[in-house]
Amino acid sequence: MKTALVLSAGGMYGAYQAGAWKVLSQVLKPDLIVGASIGALNGWAIAGGCAPDELIDRWLNLKQAAGYRLTIPRSLFSGVLDAGPLHSAIGEIYAGFQPKTEFALVVTDLLKLQPRMILGDQVTARHLAASTAIIGLFDQVRLDDGRVYSDGGLLSAAPIWAAAQLGARRIVVLNVLPVPPSIIAKTFVAGMRWLAPNRPTHDPELEVITVMPPGLLGSFKDMLYWTRANTEAWIRRGEDDAGRALKTFHV
């Protein structure tokens, strides 16, 4: 039975996924890895053979995301924050790994408000950047097909549906964003999902195992900006939650 690891959107909360993966990797060897937004970056590294301790070390030293310079939007599809430092980190991760395990990421076609899955052999650094392009904050990304793409978690934080489409019947989900991190974000995301003509869904008969915190890991600002203190705390939380989860199911 094909087993998938699905990693959700969640900005800097993604450090939790690194901690959880360190525990799960001891017993879980997924056939497929699917990610959205920050989960796409973590997933790309994991699929490329990044050791759990190395992934954690990368998170502990992600100083590029400690601050973003405010910028004046140049167009309708521009953001108010300079994503240059983030794109630099994305370039490093992309160049450092190539998938050894089947991989896919999700982006959102902004004008159609439809999710699109990109398979590993088609993924470029621009696809990774598109999947992390939070609407309104960062520039949206125009890909080779000429269309503009946005954050892969906009319509569904954890792309279980994509893993199912690729044949997975058993799915382990690391979901760091069970709910949006603020009232404004919750209202905006709910509106986008209401407007979307086809919201992604999955077969309820799938075996889905979810590891996630019981509530938000922090504020919207915490989700957006890296700090070492938050990162260390979330890594430990991911390790603890994954450890407890292993006692209740067989991976």
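Biologist: How many aromatic pairs are there in this structure, and what makes two rings a pair?

Modeller: The count comes to five aromatic pairs. Rings of Phe, Tyr and Trp (its six-membered ring) pair if their centres lie within 6.5 Å; planes under 30 degrees apart are stacked, over 60 edge-to-face, and the rest tilted. Please keep in mind that this is a predicted model, where local features need pLDDT of at least 70, side-chain atom pairs count only at pLDDT 80 or more, and totals for chains, interfaces and linings use all residues. Side-chain values use heavy atoms, without hydrogens and water, and residues are numbered from 1 along each chain as its sequence is written.

Biologist: Why is the pair of Trp44 and Phe103 called edge-to-face?

Modeller: Their ring centres are 5.5 Å apart and their planes stand at 80°, so the pair is edge-to-face.

Biologist: Which parts does that pair tie together?

Modeller: Trp44 sits in helix H2 (residues 38–47) and Phe103 in strand S3 (residues 102–109), so the pair ties together parts 59 residues apart in sequence. Helices (H or I, at least four residues) and strands (E, at least two) are DSSP runs, numbered from the N terminus.

Biologist: Are Trp44 and Phe103 buried or exposed?

Modeller: Both Trp44 and Phe103 are buried, meaning under 20% relative accessible area, with exposed over 50% and partly exposed in between (1.4 Å probe, protein chains only).

Biologist: What makes Tyr68 and Phe138 an edge-to-face pair?

Modeller: With centres 5.2 Å apart and planes at 70°, the rings of Tyr68 and Phe138 are edge-to-face. Tyr68 is buried, as is Phe138.
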